[in-house]
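Here are some short exercises to work through with the model open beside you. Try each task before you read its solution.

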Amino acid sequence: MAALARRPAVNLLPAPGSTARQVASFAAIGVGSTAAYAILYVALRTVMDPAAANAFSLVATAVGNTAANRRITFAVRERAGAVRDQVGGLVALGVALAITTLAVEALQAVAPDAGRLLELAVLVAANALATVCRFLLLRRWIAGSRRAAAPDPRRAAAPDPRRAAAANHPGVVA
């Protein structure tokens, strides 16, 4: 029994900062955002046409989604760059809006009398595709900008051999 108590716990979660962890976090946030989107869409659809309800619902949920992904998925906690990252979120929103608008317009062209449930199913499927696009865009925009700004630790760790030679031999210029 004591041997079992000393065994380290197995962590089933992917490593922090790994792509797998980012995808899992992005998906969890996406589920919440999609639920909020669906509730808002259904409510707005009673007073708006499908494209307008879709656009309004996407815009309303995008800012919170981007903020949550910035903080949780991509581990960016400082305020610096928040506006820039929200702009990246709006660019990703534009892509998502184009995908979902095309989907709802295509449904209207094919089945003009489609029920709300079919509309919602088509939009959820379109949002799944849009989500993959958003992840790739936000990962590049938010996490990529941080990686580009950070110094490469391999370069900092490797001393310049010319400087080492100059330090050991006075009169040698590096």
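**Exercise 1: Ala35**

Task: work out whether Ala35 is buried, partly exposed or exposed, then place it in the fold.

Solution. Ala35 has a relative accessible area of 39%, so it counts as partly exposed; the band for that label lies between under 20% for buried and over 50% for exposed. Keep in mind that this is a predicted model. Next, find the element: Ala35 sits in helix α2. Finally, look across to Val124, which is 89 residues away in sequence but 9.7 Å away in space, C-alpha to C-alpha.

**Exercise 2: the overall fold**

Task: say how many helices and strands the protein chain has, and what share of its residues is buried.

Solution. Start with the elements: there are seven helices and zero strands. Reading along the sequence therefore gives α-α-α-α-α-α-α. Now for burial: 28% of the 174 residues in the protein chain count as buried. Last, check how far along the chain the contacts reach. Among contacts with a separation of 6 or more, 67% join residues 24 or more positions apart.

**Exercise 3: the largest nonpolar core**

Task: list the residues of the largest nonpolar core and say which elements give two or more of them.

Solution. First, some background: in soluble globular proteins, nonpolar side chains tend to be buried together. Here the largest such core has eleven residues: Tyr37, Ala38, Tyr41, Leu44, Ala53, Leu58, Ala62, Leu93, Val104, Leu120 and Leu123. Two or more residues each come from α2 (19–45), α3 (50–73), α4 (82–110) and α5 (116–149). The largest share, four residues, is from α2. Another core lies apart from this one; it has seven residues, including Phe26, Phe74, Val76 and Ile142.

To see one core member up close, pick Tyr37. Leaving out residues up to four places away in sequence, Tyr37 touches Asn54, Ser57, Leu58, Thr61, Leu123 and Asn127.

**Exercise 4: two asparagines**

Task: decide whether Asn54 is buried or exposed, do likewise for Asn127, and find what each one touches.

Solution. Take Asn54 first. Asn54 belongs to helix α3. Its relative accessible area is 0%, so Asn54 is buried. Beyond residues up to four places away in sequence, Asn54 touches Tyr37, Tyr41, Leu97, Thr100, Thr101 and Leu123. You can also check the spacing to Leu44: ten residues in sequence, and 8.6 Å in space between the C-alpha atoms.

Now move to Asn127, in helix α5. With a relative accessible area of 8%, Asn127 is buried because the cut-off is under 20%. Its contacts, with neighbours within four places in sequence set aside, are Tyr37, Leu58 and Thr100. Tyr37 and Thr100 turn up in the Asn54 list and in the Asn127 list.

**Exercise 5: how α3 packs on its partners**

Task: how are α2 and α3 oriented to each other, and how are α3 and α4?

Solution. Begin with α2 and α3. They pack at about 155 degrees, with axes 9 Å apart. Angles over 145 count as roughly antiparallel, so α2 is roughly antiparallel to α3. The crossing of α2 past α3 is right-handed. The residues in this contact split into 14 nonpolar, ten polar and one charged.

Then do α3 and α4. The angle is about 150 degrees and the axes are 9 Å apart, so this pair is roughly antiparallel too. α3 passes α4 in a right-handed crossing. Among the residues making the contact are Pro50, Ala51, Asn54 and Leu58 of α3, and Leu93, Leu97, Thr100 and Val104 of α4. By type, the residues of the contact divide into 13 nonpolar, seven polar and three charged.

**Exercise 6: Ala51 in the α3 contact**

Task: which residues does Ala51 contact, leaving aside its neighbours within four places in sequence?

Solution. Locate Ala51 in helix α3. At 22% relative accessibility, Ala51 is partly exposed, because buried means under 20%. Setting those sequence neighbours aside, Ala51 is in contact with Val104 and Glu105. For a distance check, use Thr100: the C-alpha atoms of Ala51 and Thr100 are 8.6 Å apart, with the two positions 49 residues apart along the chain.

Terms used
Residues numbered from 1 in each chain as written. Predicted model: local features only at pLDDT ≥ 70, side-chain atom pairs only at ≥ 80, totals over all residues. Heavy atoms only, no water. Core = buried A, V, L, I, M, F, W, Y, C linked by side-chain atoms within 4.5 Å. Buried < 20%, exposed > 50% of the residue type's maximum accessible area, 1.4 Å probe, protein only. Contact = heavy atoms within 4.5 Å. Axes fitted to C-alpha atoms, helices over the stretch in contact; angles between N-to-C directions. Parallel < 35°, antiparallel > 145°, perpendicular 65-115°, else oblique. Left-handed = near helix turned anticlockwise from the far one by under 90°. Nonpolar A, V, L, I, M, F, W, Y, C, P; charged D, E, K, R; others polar.
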